[in-house]
Amino acid sequence: MNNSSKKTPTELRERYLQAVRFWLPKAHQDDILPELSEDLRSQIEEKETELVRPLDEAEMAAILKRCGSPIVVASRFQSQQYLIGPAFFPVYKFVLKMVLLWILIPVFTFIITPVNLVNTGGNWGLTVARTLGALWTGGFIAAGVITLVFAVLERTQLQLGLADKWDPRSLPPVLKPEQRASQRKTICELAFAFIGLLWILLVPTFPVLILGPAASFLKPVPIWHTFYLPLVLLATASVIRAWIGLVKPQWTWFLPVTQVLTTVVTMLLLRSIIAAAVHAAKAGSPAFVVLADPAAASAELRRVAAIVNASIFLSLPAAWLGLSIAAVIQSWELVRHFRKRGFVALQVLASGKKLFF
Amino acid sequence: MTNGTAIPDLFENLRLELRRGCLIVAVLAQLRSEQYGYTLRKALADDGLAIDEGTLYPLLRRLETQGLLVSQWREEEKRNKRFYRLSSAGELILAQLLDEWKNINASLDRILQEA
(Lines give C-alpha, C1' and ligand atoms only; values in the text may rest on other atoms or scores of the structure.)
Protein backbone atom coordinates (compact mmCIF):
# COMPACT_ATOMS: atom_id res chain seq x y z
CA MET A 1 0.00 0.00 0.00
CA ASN A 2 1.29 3.48 -0.89
CA ASN A 3 1.80 5.51 2.30
CA SER A 4 1.10 8.76 0.56
CA SER A 5 -2.42 7.81 -0.58
CA LYS A 6 -5.41 9.13 1.38
CA LYS A 7 -3.23 11.69 3.17
CA THR A 8 -4.21 15.34 3.40
CA PRO A 9 -1.83 17.93 1.92
CA THR A 10 -1.13 19.28 5.42
CA GLU A 11 -0.12 15.81 6.60
CA LEU A 12 2.18 15.54 3.62
CA ARG A 13 3.88 18.79 4.61
CA GLU A 14 4.24 17.60 8.23
CA ARG A 15 5.74 14.33 7.09
CA TYR A 16 8.21 16.25 4.94
CA LEU A 17 9.24 18.50 7.83
CA GLN A 18 9.59 15.50 10.12
CA ALA A 19 11.90 13.85 7.61
CA VAL A 20 13.99 17.03 7.32
CA ARG A 21 14.19 17.26 11.14
CA PHE A 22 15.58 13.72 11.31
CA TRP A 23 18.63 14.68 9.20
CA LEU A 24 19.26 18.10 10.74
CA PRO A 25 22.02 18.61 13.34
CA LYS A 26 20.34 17.91 16.70
CA ALA A 27 21.49 21.16 18.32
CA HIS A 28 19.83 23.31 15.62
CA GLN A 29 16.68 21.36 14.81
CA ASP A 30 14.37 23.63 16.86
CA ASP A 31 15.90 26.71 15.31
CA ILE A 32 15.98 25.67 11.66
CA LEU A 33 12.73 23.76 11.35
CA PRO A 34 10.27 26.58 12.31
CA GLU A 35 11.92 28.79 9.70
CA LEU A 36 11.63 26.14 6.96
CA SER A 37 8.08 25.43 8.06
CA GLU A 38 7.21 29.12 7.86
CA ASP A 39 8.68 29.38 4.38
CA LEU A 40 6.67 26.35 3.23
CA ARG A 41 3.47 27.80 4.67
CA SER A 42 4.09 31.07 2.86
CA GLN A 43 4.65 29.23 -0.42
CA ILE A 44 1.46 27.20 0.06
CA GLU A 45 -0.59 30.28 0.94
CA GLU A 46 0.66 32.09 -2.10
CA LYS A 47 -0.25 29.18 -4.36
CA GLU A 48 -3.69 28.87 -2.73
CA THR A 49 -4.32 32.59 -3.20
CA GLU A 50 -3.39 32.20 -6.86
CA LEU A 51 -5.72 29.18 -7.34
CA VAL A 52 -8.44 30.54 -5.02
CA ARG A 53 -8.81 27.10 -3.39
CA PRO A 54 -6.86 24.80 -1.08
CA LEU A 55 -4.06 22.76 -2.65
CA ASP A 56 -4.67 19.14 -3.43
CA GLU A 57 -2.20 16.38 -2.63
CA ALA A 58 -0.49 16.45 -6.04
CA GLU A 59 0.07 20.21 -5.89
CA MET A 60 1.47 19.93 -2.37
CA ALA A 61 3.72 17.09 -3.47
CA ALA A 62 4.97 19.24 -6.37
CA ILE A 63 5.95 22.07 -4.00
CA LEU A 64 7.74 19.67 -1.66
CA LYS A 65 9.45 17.96 -4.56
CA ARG A 66 10.75 21.34 -5.76
CA CYS A 67 12.11 22.11 -2.29
CA GLY A 68 14.35 19.02 -2.56
CA SER A 69 14.64 15.71 -0.75
CA PRO A 70 14.73 16.00 3.06
CA ILE A 71 18.24 14.61 3.28
CA VAL A 72 19.59 17.10 0.71
CA VAL A 73 17.82 20.06 2.34
CA ALA A 74 19.11 19.07 5.80
CA SER A 75 22.64 18.38 4.54
CA ARG A 76 23.00 22.02 3.47
CA PHE A 77 22.83 23.05 7.12
CA GLN A 78 25.73 20.78 8.04
CA SER A 79 29.24 22.14 8.00
CA GLN A 80 31.39 20.57 5.28
CA GLN A 81 32.63 17.25 6.61
CA TYR A 82 35.29 14.89 5.34
CA LEU A 83 37.52 12.26 6.84
CA ILE A 84 40.63 13.07 4.80
CA GLY A 85 40.80 16.50 3.20
CA PRO A 86 42.22 17.50 -0.18
CA ALA A 87 45.61 18.40 1.37
CA PHE A 88 46.28 14.88 2.66
CA PHE A 89 44.30 12.87 0.12
CA PRO A 90 47.08 12.46 -2.51
CA VAL A 91 49.53 11.27 0.19
CA TYR A 92 46.85 8.97 1.60
CA LYS A 93 46.23 7.49 -1.86
CA PHE A 94 49.97 7.04 -2.42
CA VAL A 95 50.52 5.26 0.93
CA LEU A 96 47.44 3.10 0.43
CA LYS A 97 48.57 2.08 -3.05
CA MET A 98 52.10 1.45 -1.80
CA VAL A 99 51.01 -0.75 1.11
CA LEU A 100 48.32 -2.69 -0.74
CA LEU A 101 49.96 -3.17 -4.13
CA TRP A 102 53.65 -3.07 -3.37
CA ILE A 103 53.82 -4.65 0.06
CA LEU A 104 50.70 -6.68 0.89
CA ILE A 105 50.24 -8.45 -2.44
CA PRO A 106 53.94 -9.43 -2.85
CA VAL A 107 54.13 -10.58 0.80
CA PHE A 108 51.05 -12.74 0.34
CA THR A 109 52.26 -14.05 -3.01
CA PHE A 110 55.83 -14.88 -2.07
CA ILE A 111 55.64 -15.59 1.67
CA ILE A 112 52.14 -16.47 2.84
CA THR A 113 51.27 -18.66 -0.17
CA PRO A 114 54.27 -21.02 0.30
CA VAL A 115 53.51 -21.27 4.05
CA ASN A 116 49.87 -22.10 3.31
CA LEU A 117 50.92 -24.56 0.62
CA VAL A 118 52.97 -26.53 3.15
CA ASN A 119 50.28 -26.26 5.83
CA THR A 120 47.61 -27.62 3.46
CA GLY A 121 49.84 -30.48 2.36
CA GLY A 122 50.25 -29.17 -1.18
CA ASN A 123 46.54 -28.60 -1.84
CA TRP A 124 46.60 -25.65 -4.27
CA GLY A 125 42.85 -25.01 -4.17
CA LEU A 126 42.78 -24.73 -0.39
CA THR A 127 46.02 -22.70 -0.43
CA VAL A 128 44.60 -20.12 -2.86
CA ALA A 129 41.34 -19.90 -0.90
CA ARG A 130 43.17 -19.44 2.42
CA THR A 131 45.63 -16.92 0.97
CA LEU A 132 42.88 -14.87 -0.69
CA GLY A 133 40.82 -14.95 2.51
CA ALA A 134 43.79 -13.75 4.57
CA LEU A 135 44.68 -11.15 1.91
CA TRP A 136 41.13 -9.81 1.97
CA THR A 137 41.19 -9.47 5.78
CA GLY A 138 44.75 -8.11 5.81
CA GLY A 139 43.88 -5.60 3.09
CA PHE A 140 40.87 -4.35 5.01
CA ILE A 141 42.81 -4.02 8.25
CA ALA A 142 45.72 -2.24 6.51
CA ALA A 143 43.36 0.13 4.67
CA GLY A 144 41.45 0.77 7.92
CA VAL A 145 44.60 1.53 9.91
CA ILE A 146 45.99 3.83 7.19
CA THR A 147 42.67 5.66 6.91
CA LEU A 148 42.54 6.07 10.68
CA VAL A 149 46.10 7.42 10.83
CA PHE A 150 45.37 9.94 8.07
CA ALA A 151 42.06 10.94 9.67
CA VAL A 152 43.97 11.68 12.91
CA LEU A 153 46.62 13.58 10.91
CA GLU A 154 43.87 15.59 9.22
CA ARG A 155 42.39 16.62 12.57
CA THR A 156 45.78 17.40 14.14
CA GLN A 157 46.81 19.35 11.07
CA LEU A 158 43.68 21.47 11.40
CA GLN A 159 44.45 22.15 15.06
CA LEU A 160 48.15 22.81 14.67
CA GLY A 161 47.83 24.69 11.38
CA LEU A 162 50.55 22.51 9.83
CA ALA A 163 49.42 23.43 6.33
CA ASP A 164 50.85 26.93 6.86
CA LYS A 165 54.13 25.75 8.40
CA TRP A 166 56.08 24.97 5.27
CA ASP A 167 58.92 26.60 3.46
CA PRO A 168 59.23 26.63 -0.33
CA ARG A 169 63.00 26.36 0.12
CA SER A 170 62.60 22.94 1.76
CA LEU A 171 60.91 21.47 -1.34
CA PRO A 172 62.96 18.85 -3.23
CA PRO A 173 64.72 20.13 -6.34
CA VAL A 174 63.21 19.58 -9.78
CA LEU A 175 63.90 16.03 -10.97
CA LYS A 176 65.35 15.32 -14.40
CA PRO A 177 63.50 12.70 -16.51
CA GLU A 178 66.17 10.07 -15.77
CA GLN A 179 65.83 10.80 -12.03
CA ARG A 180 62.07 10.22 -12.28
CA ALA A 181 62.68 6.83 -13.85
CA SER A 182 65.16 5.94 -11.12
CA GLN A 183 62.58 7.01 -8.52
CA ARG A 184 60.24 4.29 -9.81
CA LYS A 185 63.15 1.85 -9.59
CA THR A 186 63.79 2.95 -6.00
CA ILE A 187 60.13 2.34 -5.08
CA CYS A 188 60.51 -1.23 -6.40
CA GLU A 189 63.77 -1.60 -4.48
CA LEU A 190 62.09 -0.39 -1.30
CA ALA A 191 59.20 -2.82 -1.71
CA PHE A 192 61.50 -5.78 -2.36
CA ALA A 193 63.89 -4.77 0.44
CA PHE A 194 60.91 -4.67 2.80
CA ILE A 195 59.74 -8.09 1.65
CA GLY A 196 63.29 -9.40 2.09
CA LEU A 197 63.47 -8.07 5.63
CA LEU A 198 60.09 -9.56 6.45
CA TRP A 199 61.16 -12.87 4.98
CA ILE A 200 64.33 -12.97 7.10
CA LEU A 201 62.38 -12.06 10.23
CA LEU A 202 59.82 -14.80 9.54
CA VAL A 203 62.31 -17.57 8.73
CA PRO A 204 63.04 -18.58 12.40
CA THR A 205 59.29 -19.00 13.03
CA PHE A 206 58.54 -20.51 9.61
CA PRO A 207 61.63 -22.46 8.47
CA VAL A 208 59.48 -23.66 5.59
CA LEU A 209 60.22 -20.30 3.93
CA ILE A 210 63.82 -21.37 3.40
CA LEU A 211 63.72 -25.18 3.55
CA GLY A 212 60.37 -25.77 1.86
CA PRO A 213 58.67 -29.10 2.68
CA ALA A 214 62.02 -30.36 4.09
CA ALA A 215 61.40 -28.09 7.11
CA SER A 216 59.35 -30.93 8.62
CA PHE A 217 62.49 -33.04 9.20
CA LEU A 218 65.43 -30.60 8.88
CA LYS A 219 66.60 -27.78 11.12
CA PRO A 220 69.39 -25.19 10.70
CA VAL A 221 72.72 -25.74 12.44
CA PRO A 222 73.79 -23.28 15.22
CA ILE A 223 76.14 -21.51 12.77
CA TRP A 224 73.08 -19.59 11.55
CA HIS A 225 72.55 -18.10 15.02
CA THR A 226 75.88 -16.28 14.57
CA PHE A 227 75.02 -14.97 11.13
CA TYR A 228 71.32 -14.26 11.66
CA LEU A 229 71.77 -10.83 13.29
CA PRO A 230 74.17 -9.52 10.58
CA LEU A 231 71.71 -10.76 7.94
CA VAL A 232 68.83 -8.90 9.65
CA LEU A 233 70.97 -5.76 9.93
CA LEU A 234 71.89 -6.00 6.26
CA ALA A 235 68.23 -6.38 5.25
CA THR A 236 67.25 -3.45 7.50
CA ALA A 237 70.03 -1.34 5.98
CA SER A 238 68.66 -2.14 2.51
CA VAL A 239 65.20 -0.89 3.52
CA ILE A 240 66.65 2.31 5.02
CA ARG A 241 68.88 2.81 1.97
CA ALA A 242 65.94 2.53 -0.45
CA TRP A 243 63.83 4.82 1.74
CA ILE A 244 66.53 7.51 1.85
CA GLY A 245 66.95 7.17 -1.92
CA LEU A 246 63.24 7.77 -2.33
CA VAL A 247 62.90 10.79 -0.04
CA LYS A 248 66.20 12.39 -1.09
CA PRO A 249 66.29 11.95 -4.88
CA GLN A 250 68.59 14.97 -5.10
CA TRP A 251 71.36 12.94 -3.41
CA THR A 252 72.29 11.38 -6.72
CA TRP A 253 75.50 9.94 -5.21
CA PHE A 254 73.72 8.13 -2.39
CA LEU A 255 72.24 5.09 -4.13
CA PRO A 256 75.28 4.16 -6.28
CA VAL A 257 77.69 4.56 -3.32
CA THR A 258 75.56 2.58 -0.88
CA GLN A 259 74.88 -0.03 -3.56
CA VAL A 260 78.60 -0.78 -3.81
CA LEU A 261 78.93 -0.76 -0.02
CA THR A 262 75.98 -3.14 0.40
CA THR A 263 77.40 -5.53 -2.18
CA VAL A 264 80.82 -5.51 -0.52
CA VAL A 265 79.36 -6.06 2.96
CA THR A 266 77.21 -8.92 1.61
CA MET A 267 80.29 -10.47 0.01
CA LEU A 268 82.20 -10.25 3.31
CA LEU A 269 79.30 -11.85 5.15
CA LEU A 270 79.03 -14.59 2.54
CA ARG A 271 82.76 -15.21 2.78
CA SER A 272 82.47 -15.65 6.57
CA ILE A 273 79.57 -18.09 6.12
CA ILE A 274 81.56 -20.09 3.56
CA ALA A 275 84.60 -20.14 5.88
CA ALA A 276 82.46 -21.35 8.79
CA ALA A 277 80.90 -24.04 6.57
CA VAL A 278 84.33 -25.23 5.36
CA HIS A 279 85.50 -25.38 8.98
CA ALA A 280 82.44 -27.44 9.96
CA ALA A 281 82.90 -29.76 6.99
CA LYS A 282 86.56 -30.33 7.94
CA ALA A 283 85.42 -31.27 11.43
CA GLY A 284 82.98 -33.77 9.89
CA SER A 285 79.86 -31.81 10.98
CA PRO A 286 76.94 -30.87 8.74
CA ALA A 287 77.56 -27.39 7.36
CA PHE A 288 74.09 -25.81 7.21
CA VAL A 289 71.23 -28.16 8.21
CA VAL A 290 70.85 -31.25 10.36
CA LEU A 291 68.08 -33.77 10.82
CA ALA A 292 65.57 -32.63 13.42
CA ASP A 293 65.29 -36.14 14.83
CA PRO A 294 68.41 -38.10 13.79
CA ALA A 295 67.37 -41.22 15.74
CA ALA A 296 64.13 -41.61 13.81
CA ALA A 297 65.51 -40.53 10.44
CA SER A 298 65.52 -43.00 7.58
CA ALA A 299 68.42 -43.43 5.18
CA GLU A 300 66.48 -41.47 2.55
CA LEU A 301 66.05 -38.48 4.88
CA ARG A 302 69.77 -38.56 5.67
CA ARG A 303 70.45 -38.52 1.95
CA VAL A 304 68.11 -35.49 1.55
CA ALA A 305 69.94 -33.69 4.38
CA ALA A 306 73.28 -34.37 2.69
CA ILE A 307 71.93 -33.09 -0.65
CA VAL A 308 70.58 -29.89 0.96
CA ASN A 309 73.95 -29.24 2.66
CA ALA A 310 75.82 -29.86 -0.56
CA SER A 311 73.44 -27.65 -2.56
CA ILE A 312 73.82 -24.73 -0.16
CA PHE A 313 77.56 -25.25 -0.04
CA LEU A 314 77.82 -25.05 -3.82
CA SER A 315 75.39 -22.16 -4.20
CA LEU A 316 77.22 -19.86 -1.78
CA PRO A 317 80.47 -19.56 -3.79
CA ALA A 318 78.34 -19.13 -6.92
CA ALA A 319 76.48 -16.29 -5.18
CA TRP A 320 79.81 -14.80 -4.06
CA LEU A 321 81.06 -14.91 -7.65
CA GLY A 322 77.85 -13.24 -8.88
CA LEU A 323 78.23 -10.52 -6.26
CA SER A 324 81.86 -9.97 -7.28
CA ILE A 325 80.80 -9.34 -10.88
CA ALA A 326 78.01 -7.06 -9.64
CA ALA A 327 80.51 -5.16 -7.46
CA VAL A 328 82.79 -4.55 -10.45
CA ILE A 329 79.88 -3.30 -12.61
CA GLN A 330 78.52 -1.12 -9.79
CA SER A 331 81.97 0.35 -9.10
CA TRP A 332 82.36 1.18 -12.78
CA GLU A 333 78.95 2.90 -12.81
CA LEU A 334 79.93 4.79 -9.68
CA VAL A 335 83.12 6.02 -11.33
CA ARG A 336 81.10 7.09 -14.42
CA HIS A 337 78.62 8.91 -12.19
CA PHE A 338 81.33 10.94 -10.45
CA ARG A 339 83.16 11.62 -13.70
CA LYS A 340 79.93 12.96 -15.24
CA ARG A 341 79.21 15.04 -12.17
CA GLY A 342 82.74 16.36 -12.18
CA PHE A 343 82.38 17.30 -15.85
CA VAL A 344 79.13 19.18 -15.18
CA ALA A 345 80.78 20.93 -12.23
CA LEU A 346 83.68 22.02 -14.46
CA GLN A 347 81.26 23.34 -17.08
CA VAL A 348 79.38 25.31 -14.44
CA LEU A 349 82.61 26.73 -13.05
CA ALA A 350 83.77 27.63 -16.53
CA SER A 351 80.51 29.53 -17.17
CA GLY A 352 81.11 31.50 -13.97
CA LYS A 353 77.90 30.35 -12.29
CA LYS A 354 77.65 29.33 -8.68
CA LEU A 355 78.24 25.60 -8.20
CA PHE A 356 75.17 24.01 -6.67
CA PHE A 357 74.35 20.34 -6.23
CA MET B 1 29.46 11.16 -21.24
CA THR B 2 29.24 12.88 -24.60
CA ASN B 3 30.26 16.45 -25.37
CA GLY B 4 26.61 17.28 -25.96
CA THR B 5 25.74 16.67 -22.31
CA ALA B 6 29.12 17.67 -20.88
CA ILE B 7 28.99 21.26 -22.13
CA PRO B 8 25.59 22.18 -20.61
CA ASP B 9 26.67 20.49 -17.35
CA LEU B 10 29.93 22.39 -17.39
CA PHE B 11 28.09 25.64 -18.06
CA GLU B 12 25.69 24.94 -15.19
CA ASN B 13 28.57 24.25 -12.79
CA LEU B 14 30.42 27.40 -13.82
CA ARG B 15 27.21 29.44 -13.65
CA LEU B 16 26.57 28.22 -10.10
CA GLU B 17 30.16 29.04 -9.14
CA LEU B 18 29.79 32.54 -10.59
CA ARG B 19 26.45 33.06 -8.84
CA ARG B 20 27.63 31.87 -5.42
CA GLY B 21 29.65 34.94 -4.55
CA CYS B 22 27.15 37.30 -6.20
CA LEU B 23 24.30 35.86 -4.11
CA ILE B 24 26.11 36.73 -0.89
CA VAL B 25 26.47 40.34 -2.00
CA ALA B 26 22.83 40.40 -3.13
CA VAL B 27 21.55 38.97 0.17
CA LEU B 28 23.62 41.43 2.21
CA ALA B 29 22.46 44.31 0.03
CA GLN B 30 18.82 43.24 0.27
CA LEU B 31 19.03 43.02 4.06
CA ARG B 32 19.90 46.67 4.48
CA SER B 33 16.21 46.72 5.31
CA GLU B 34 14.81 44.08 7.66
CA GLN B 35 13.09 41.09 6.08
CA TYR B 36 12.19 37.52 6.88
CA GLY B 37 13.25 34.56 4.76
CA TYR B 38 10.28 34.23 2.46
CA THR B 39 9.97 37.93 1.60
CA LEU B 40 13.72 38.08 1.07
CA ARG B 41 13.47 35.23 -1.42
CA LYS B 42 10.59 36.96 -3.19
CA ALA B 43 12.47 40.25 -3.34
CA LEU B 44 15.58 38.60 -4.78
CA ALA B 45 13.49 36.66 -7.32
CA ASP B 46 11.63 39.87 -8.34
CA ASP B 47 15.01 41.48 -9.00
CA GLY B 48 16.08 38.51 -11.16
CA LEU B 49 18.13 36.53 -8.63
CA ALA B 50 15.94 33.56 -7.74
CA ILE B 51 17.31 31.50 -4.86
CA ASP B 52 15.78 28.34 -3.46
CA GLU B 53 15.10 27.93 0.25
CA GLY B 54 17.67 25.09 0.50
CA THR B 55 20.38 27.58 -0.45
CA LEU B 56 19.07 30.74 1.23
CA TYR B 57 18.48 29.53 4.81
CA PRO B 58 21.90 27.84 5.27
CA LEU B 59 23.48 31.00 3.78
CA LEU B 60 21.57 33.23 6.21
CA ARG B 61 22.71 31.06 9.13
CA ARG B 62 26.31 31.21 7.95
CA LEU B 63 26.26 34.99 7.52
CA GLU B 64 24.70 35.37 10.95
CA THR B 65 27.37 33.12 12.52
CA GLN B 66 30.00 35.29 10.83
CA GLY B 67 28.43 38.34 12.48
CA LEU B 68 27.29 39.98 9.25
CA LEU B 69 23.56 39.61 10.01
CA VAL B 70 21.42 39.80 13.09
CA SER B 71 18.11 38.00 13.43
CA GLN B 72 15.11 38.16 15.65
CA TRP B 73 12.03 35.94 16.03
CA ARG B 74 8.89 38.09 16.01
CA GLU B 75 5.19 37.52 15.62
CA GLU B 76 3.61 38.92 12.48
CA GLU B 77 0.08 38.19 11.32
CA LYS B 78 -0.23 35.71 14.23
CA ARG B 79 2.79 33.72 12.97
CA ASN B 80 6.31 33.52 14.29
CA LYS B 81 8.84 34.68 11.73
CA ARG B 82 12.56 35.19 11.86
CA PHE B 83 13.56 38.65 10.68
CA TYR B 84 17.06 39.38 9.43
CA ARG B 85 18.93 42.60 8.94
CA LEU B 86 22.47 43.71 8.24
CA SER B 87 24.70 44.19 11.30
CA SER B 88 27.18 47.07 11.52
CA ALA B 89 29.99 44.62 10.61
CA GLY B 90 27.82 43.49 7.69
CA GLU B 91 27.46 47.06 6.47
CA LEU B 92 31.22 47.47 6.46
CA ILE B 93 31.81 44.18 4.64
CA LEU B 94 29.06 44.96 2.14
CA ALA B 95 30.71 48.26 1.28
CA GLN B 96 34.05 46.48 0.78
CA LEU B 97 32.47 43.74 -1.30
CA LEU B 98 30.70 46.28 -3.49
CA ASP B 99 34.01 48.07 -4.07
CA GLU B 100 35.58 44.76 -5.00
CA TRP B 101 32.64 43.98 -7.26
CA LYS B 102 33.07 47.30 -9.07
CA ASN B 103 36.81 46.65 -9.50
CA ILE B 104 36.17 43.18 -10.91
CA ASN B 105 33.54 44.59 -13.26
CA ALA B 106 35.87 47.32 -14.45
CA SER B 107 38.70 44.80 -14.97
CA LEU B 108 36.42 42.48 -16.91
CA ASP B 109 35.25 45.38 -19.07
CA ARG B 110 38.85 46.27 -19.85
CA ILE B 111 39.73 42.64 -20.64
CA LEU B 112 36.72 42.29 -22.91
CA GLN B 113 37.52 45.54 -24.70
CA GLU B 114 41.11 44.39 -25.25
CA ALA B 115 39.80 41.16 -26.75
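This passage describes the enclosed cavities, one open pocket and one helix pair in a predicted model.

Two cavities of 30 Å³ or more were counted. The largest cavity holds about 60 Å³ of space. Its lining is made up of A:Y16, A:L17, A:V20, A:L36, A:D39, A:L40, A:C67, A:V73 and B:E53. Two elements of chain A, α1 (9-23) and α2 (29-51), give two or more residues each to this lining. By class, the lining of the largest cavity comprises 7 nonpolar and 2 charged residues, with no polar residue.

The second largest cavity has a volume of about 50 Å³. From chain A, the residues A:E35, A:E38 and A:D39 line this cavity. From chain B, the lining residues are B:Y36, B:G37, B:Y38, B:Y57, B:W73, B:K81 and B:R82. At least two lining residues each are supplied by α2 of chain A and by α2 (37-46) and β3 (79-86) of chain B. Of the elements, α2(A) gives the most, with 3 residues. The lining of the second largest cavity divides into 4 nonpolar, 1 polar and 5 charged residues. A:D39 appears in the lining of the largest cavity and also in that of the second largest cavity.

Helix α1(A), which contributes to the lining of the largest cavity, also packs against another helix of chain A, α3 (residues 57-67). Two packed helices are described by the angle between their axes and the distance between the axes. The axes of α1(A) and α3(A) come within 9 Å and cross at roughly 20°. Angles under 35 degrees count as roughly parallel, and α1(A) is therefore roughly parallel to α3(A). The crossing of these two helices is right-handed. On the α1(A) side, the contact involves A:P9, A:T10, A:L12, A:R13 and A:Y16. These residues meet A:E57, A:M60, A:A61, A:L64 and A:C67 of α3(A). The residues of this contact divide into 7 nonpolar, 1 polar and 2 charged. A:Y16 and A:C67, both part of the helix contact, are also among the residues that line the largest cavity.

An open site was also examined. The second largest pocket has a volume of about 940 Å³. Its lining consists of 32 residues, and A:W199, A:I200, A:I210, A:W224 and A:L231 lie nearest its centre. The elements of chain A that give two or more residues to this lining are α7 (177-202), α8 (208-211), β1 (218-220), α9 (223-247), α10 (254-282) and α11 (299-350). The largest share, 8 residues, comes from α9(A). By class, the lining of the second largest pocket has 22 nonpolar, 8 polar and 2 charged residues.

Terms used
Residues numbered from 1 in each chain as written. Chains lettered and ligands numbered in written order. Predicted model: local features only at pLDDT ≥ 70, side-chain atom pairs only at ≥ 80, totals over all residues. Heavy atoms only, no water. 1 Å grid on protein atoms, 1.4 Å probe; cavity = no way out; pocket = protein on both sides within 12 Å on 5 of 7 lines; lining within 4 Å. Points joined across faces, edges and corners; volume = space filled by probe spheres on them. Helix = DSSP H or I, 4+ residues; strand = E, 2+ residues; numbered from the N terminus. Nonpolar A, V, L, I, M, F, W, Y, C, P; charged D, E, K, R; others polar. Axes fitted to C-alpha atoms, helices over the stretch in contact; angles between N-to-C directions. Parallel < 35°, antiparallel > 145°, perpendicular 65-115°, else oblique. Left-handed = near helix turned anticlockwise from the far one by under 90°. Contact = heavy atoms within 4.5 Å.
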